[in-house]
Amino acid sequence: MTDDKEWPLIASVKQKNAGAFQKENEISVFLPAATLDDIKAAKTIRFRYSYKDGQTIDLPLNDADLAYWKGQVE
């Protein structure tokens, strides 16, 4: 989601053990090319995804991550 506009995305998750009862998740997100201009202009970007069990995660980018993303699409 860029500002209040939702975009479909394709994501994949890799999970590995990070301790006795801990897991580490790596999420790769593939965005449509049409999102690039919206990312450049966005004041907020959030990622929302759901696990197979129905649990939903909503991740807003902090200011540093938002600046990084904007730099990557310019």
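This report walks through the salt bridges, strand pairing, surface patch and aromatic pair of a predicted model.

## About the model

Because this is a predicted model, local features need pLDDT of at least 70 and side-chain atom pairs count only at pLDDT 80 or more, while totals for chains, interfaces and linings use all residues. Residues are numbered from 1 along each chain as its sequence is written, and side-chain values use heavy atoms, with hydrogens and water left out.

## Strands β1 and β2

Let us start with two strands. Helices (H or I, at least four residues) and strands (E, at least two) are DSSP runs, numbered from the N terminus. Strands β1 and β2 are joined as a hairpin, with two residues between them. Their pairing is antiparallel and runs over nine bridges; two strands pair if DSSP finds at least two bridges between them. Across this pairing, S12 has S28 of β2 opposite it.

## Salt bridges

How many salt bridges does the structure hold? There are five, where a salt bridge is a side-chain nitrogen of Lys or Arg within 4 Å of a carboxyl oxygen of Asp or Glu. Side chains of opposite charge can pair when their charged atoms come close. One of the five joins K5 to D38, with 3.6 Å between the closest N and O atoms. This pair links distant parts of the chain, 33 residues apart: K5 sits in the segment before β1 (10–19), and D38 in helix α1 (residues 36–41). K5 is partly exposed at a relative accessible area of 43%, and D38 is partly exposed at 24%. Here, buried means under 20% relative accessible area, exposed over 50%, and partly exposed in between (1.4 Å probe, protein chains only).

Another salt bridge is found within helix α1, where D37 and K40 are three residues apart and so separated by about one helical turn. Their closest N and O atoms are 3.9 Å apart. D37 is exposed, with a relative accessible area of 56%, whereas K40 is partly exposed, at 36%. A further salt bridge brings together the side chains of D58 and R46, at 3.0 Å from N to O. Because D58 lies in strand β4 (residues 56–60) and R46 in strand β3 (residues 46–50), the pair ties together parts that are 12 residues apart in sequence. D58 is partly exposed, with 33% relative accessibility, and R46 is partly exposed too, with a relative accessible area of 30%.

## A nonpolar surface patch

Which residues form a nonpolar patch on the surface? They are V13, I27 and L59, which together have about 220 Å² of accessible area. Patches are made of residues with over 30% relative accessible area and no salt bridge, with like charges joined within 9 Å and nonpolar side chains (Val, Leu, Ile, Met, Phe, Trp, Tyr) within 5 Å. Accessible areas come from the Shrake-Rupley method with a 1.4 Å probe, and for residues only the protein chains shown count as cover. I27 belongs to strand β2 (residues 22–30) and is partly exposed, at 32% relative accessibility.

## The aromatic pair

The structure has one aromatic pair. F47 and W69 make up this tilted pair, with 5.1 Å from centre to centre and 50 degrees between the planes. Rings of Phe, Tyr and Trp (its six-membered ring) pair if their centres lie within 6.5 Å; planes under 30 degrees apart count as stacked, over 60 as edge-to-face and the rest as tilted.

F47 lies in strand β3 and W69 in helix α2 (residues 63–73), so this pair ties together parts that are 22 residues apart in sequence. F47 is buried, with a relative accessible area of 11%, while W69 is partly exposed, at 23%.
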